[in-house]
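Biologist: I have a new structure open and I'd like to learn how to read it. Could you walk me through it, one feature at a time?

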Amino acid sequence: MERQLYANVEISVGKPPGASPPSFVALLKVYRELLVSRIRNTQCLIDNLIKNDYFSTEDAEIAVQFPTQADKVRKILDLVQSKGEEVSEYFIHVLQKVTDAYYELQPWLDEIGYEPSENICSKSVVNTDPVSRYCQKLRHELGRDSKFVMSYAQREEMLLDEIYSNSIMELLSFTNESLGKVSQLQALFDDAVGLINEDGETVYVFGDAGIGKSILLQKIQSLWARKELDIGAKFFFRFRCRMFSCFKQDEAICLKDLLFKYNCYPDQDPTEVFHHILQFPHTVLFTFDGFDEIYSNFDLSSVPEICSPNEPTHPLVLLVSLLRGKLLKGSKKILTARTGTEIQRNIIRKKVLLRGFSSNNLKEYTAMFFKDEGQRTLVLNQLEANPNLCSLCSVPLFCWIIFKCYEHFHSMSDSHELPDCSVTLTDVFLLMIEVHLNRSLKTSLLKNNTRSQAEMFKSRKETLLALGKMAYKGMGNSFFIFEQEEVSSANISEEDLQLGFLRTVKGYSGCDDQSTYEFLHLTLQSFFTALFLVIDEKVGAKELLQFFNECSSTETAQPTCLCIPWLKKQVAGEDPFRNNEHFHFTNLFLCGLLSRSKQKLFRHLVLPAVIKKKRKTLITYLGESMKSHLKGVTRSRLKNYNQMQVQPNFVWMLRCLYETQSEKVGRLAAKRMHANYIKLTYCNACSADCSAISFVVHHFQKRLALDLDNNNINDYGIKQLLPCFSKLAVIRLSVNQVTDHGVRILYEELSKYQIVTFLGLYNNQITDVGAKYVAKLIEECSSLEYVKIGANKITSEGGKCLARAIQKSKTMFEIGMWGNQVGDEGAKAFAEALRNHPRLTNVSLAFNGITTEGGKSIAEAMQHNDSVKIFWLTKNELDDEAAMSFAEMLKVNKKLVHLWLIQNQITAKGVKYLSEALKENTAIKEVCLNGNLISQEEAKAFENDERIICF
């Protein structure tokens, strides 16, 4: 009966103009339970029905007396239907017009094809739903707040849409293996890719300081506010984690106040809005920016694990409970932190590493920043000519600073160019300080009325000292927020504030009546701290080196954030939210500011004898620290090499050495390594770090092996390694975002010196173009024995080039091509290379789309090969026919030791061919056939031959 009525209603609603009007009463009857389950708000319906005289006050009182929402909806439907077609249609019209309140019913309204009649269109509809009105207010306020970005220049805001540029976002597993790239921000919430823990609720985004974590969250906020982020989130609450440090130990608030007071307060019925949030947590999106910037003495062990949404407690407890899913379980969360902050696995849903700008990203950003084509071309040309500067520009913050400095000086003098020599991070920040101070000068009609850098710093010494003093005090306690009293006590004037180094922020504690400040970026506070240590003459050796001591922990494990007592045992007195990167940056800038090249600048600010003494103290400490650090590294003896395996802290040491720009220090470091195989894997080294690596490595007198696998070196980093290539016999650059351009540089440099024996380029962005350069290197460099170029984007064309080069080479020992797509054409070319090859011993063509045709060619060629011992053909499309060919090959080839045919399409028939062939071959040790089309029952027939491995 209901099915028949449903059909009649469908026909009725879909009738052409002029036909009898549809029955809306019947429509409400058919879809009654759907409406009951999806209408969350009844008050808006009642308000509009009363306003248009469809409901009386008594009707409303009858409807609201029911205890549950579902029963209220049922009673309203009964009353509406009893009043006839017009009231029933108006009821549907309200559902259609008040989209925010009844968003779950919009697909149903589209499905029934509802269009209001002329009479109903004349009736007013007002959105009185407090939840949807709060959502509208949230979108408006967050849209306004995210529209502009405070720049790293003086008191200047720019439109987010005009400066936001995409960067490399990589999804990672818990073991930091790549799971693919994030091409669209919406994909952060798509479980189809990158999901590593379905019970976790937090997307963990991490990366180095300045890599773009905060602006990424601002972009997500902007998209949500414009309804361009379709992830089912009605509510968006954002928090800057450093503000939680402002709460006093005895402060307590409830969850409702945390959400509303520090984001956006509902204009109507906050209790109902909060109740809705508690009922539907899956509609809430949180962003927590800078989790590593929380520094608090609050004892988390003093509170229970379970937290009530209504009871006041310390804000940090609320934060931890939200992240752990103890509050608002099912809500979506994005948490950002700096690299090295390890978050407990059980809260993480996805891990996303921000790697900065690729070369294409940098070009897009340059085009966005410099609107004038001529100026843009000039900048790109200068960057191309200076790989050192180009590497720094791969970090969005540093790129912004460099571009703003260029823009400023270009406006003062049309001939200004970017530096054409080695540029350190200290140079970049000094330039930024100069720009800020220059802008404070009174302008004249003459363009080039700037003072020299030394004159500018001398004239504002007291300002720099005051800012440095406050930065230093905050850094010592890991505080990044400063109240008005602290600013005043540091003698920072209103004029100093106008320079733009500090910005006001909304406080989270009981200081709403006073301004609260922070430095524009954490790295800027680190810079001013280092500046204070240099120019304050009272600073002694102990104070000068204090932040090195903060970073000198001998622990090899990364610090763990969210080290909550009920999750993991906490060391007494340990700060659970600790990360040392701000100390590392302070030390780095200290090394740069005390470098010999900066003495001319600082002799106007501090007595030369004081600078000399501080420099001597620092250099002595670096020497001893380096000696101590290198004693603790893991060492092993390999054939022809003494290997040292370093930790990420070693990269910070290299960065500090580079900032000194002292060749003497670089030589000493190289001498003390006592190794010729430097293993820097998983050290989070970026392209700019290659300047520091080269600074030390080029001092080695003998040939060297350099392993940089699993970092973020990219093409810019390869350019920075140019001084090293004359020494490198082994170069490993797997998983490093290297493109064809980087491979071209490798070919041009390595072919000059003819000493490279091992080239590792696994899992990069190399196409057939890059494969051709590798092929040329194989042909021209007789020393090259090992090439690992798997998991790239090489097709049959690139495969054929590599195969022909290998065919010509008499020295190639191993070729790794796993995970490309050379197909049958490439396989045939490799077959020809294998035929009678004098030395090739290990070959991998696994996962390359090779079918029976290609397999048969390889098998036939291997009948004429005496050198190959191991052959990997895993994860191809080889069937029984191919297996028969390999069986024939095994009857002839008595040199092959391991043959891997795992995960192909071979059945028991093919296995039988291979098993029979082994009766004539005693040399081969294993034929691996796991993952083929063989059942366990069928495999029993071959269990007597241990060399046939089916399971």
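Modeller: Let's start with one term: two residues are in contact when heavy atoms lie within 4.5 Å. Keep in mind, too, that this is a predicted model.

Biologist: Okay, let me try that on A471. Which residues is A471 in contact with, leaving aside its neighbours within four places in sequence?

Modeller: Those are F519, Q525, F528 and T529. A471 itself sits in helix α22, which covers residues 461-476.

Biologist: And is A471 buried or exposed?

Modeller: Buried means under 20% relative accessible area. A471 has 0% relative accessibility, so it counts as buried. You can also look at distance along the chain: A471 and F482 are 11 residues apart, and their C-alpha atoms are separated by 9.3 Å.

Biologist: Let's zoom out. How many helices and strands does the protein have?

Modeller: There are 42 helices and 25 strands. Of its 951 residues, 57% count as buried. As for contacts with a separation of 6 or more, 79% of them come from residues 24 or more positions apart.

Biologist: What about salt bridges? How do I read one?

Modeller: Look for a side-chain nitrogen of Lys or Arg within 4 Å of a carboxyl oxygen of Asp or Glu. This structure holds 42 of them. Take R338 and D292, whose closest N and O atoms are 2.3 Å apart. R338 lies in strand β8 (residues 332-338) and D292 in the loop between β7 and α15, so the pair ties together parts that are 46 residues apart in sequence. Both R338 and D292 are buried.

Biologist: Where do R732 and D707 lie?

Modeller: R732 is in strand β17 and D707 in strand β16, so here the pair ties together parts that are 25 residues apart in sequence. Their closest N and O atoms are 3.9 Å apart. R732 is partly exposed at 25% relative accessible area, while D707, at 3%, counts as buried.

Biologist: Can a helix hold a salt bridge of its own? I'm curious how the spacing works.

Modeller: Here's the general idea: an α-helix has 3.6 residues a turn, so residues three or four places apart point the same way. Now the case here: K828 and E825 are 3 residues apart in helix α38 (residues 823-834), which separates them by about one helical turn. Their side chains meet in a salt bridge of 3.8 Å, N to O. K828 is partly exposed, with a relative accessible area of 27%, and E825 counts as partly exposed at 42%.

Biologist: Which residues are linked in a network of salt bridges?

Modeller: R240, R242, E293, R503 and E518 are linked that way.

Biologist: I'd like to go back to helices. What do the buried residues of α39 pack against?

Modeller: They pack against α38, β22 (870-872) and α40 (880-892). Among the buried residues of α39 are G854, I858 and M862.

Biologist: Last one, the surface. Which residues form a positive surface patch?

Modeller: R596, K612, K616, K664 and R667 form one. The elements giving two or more residues to that positive patch are α30 (608-631) and α32 (663-672). Try K612, which lies in helix α30: its relative accessible area is 64%, so K612 is exposed. For the whole protein, the exposed area is about 40,200 Å², with carbon and sulfur atoms supplying 49% of it.

Terms used
Residues numbered from 1 in each chain as written. Predicted model: local features only at pLDDT ≥ 70, side-chain atom pairs only at ≥ 80, totals over all residues. Heavy atoms only, no water. Helix = DSSP H or I, 4+ residues; strand = E, 2+ residues; numbered from the N terminus. Buried < 20%, exposed > 50% of the residue type's maximum accessible area, 1.4 Å probe, protein only. Areas by Shrake-Rupley, 256 points an atom, 1.4 Å probe, with all protein chains shown as cover. Patch = residues over 30% accessible without salt bridge, like charges linked within 9 Å, V, L, I, M, F, W, Y side chains within 5 Å. Lys, Arg positive; Asp, Glu negative; His and termini not counted. Charge placed at Lys NZ, Arg CZ, Asp CG, Glu CD.
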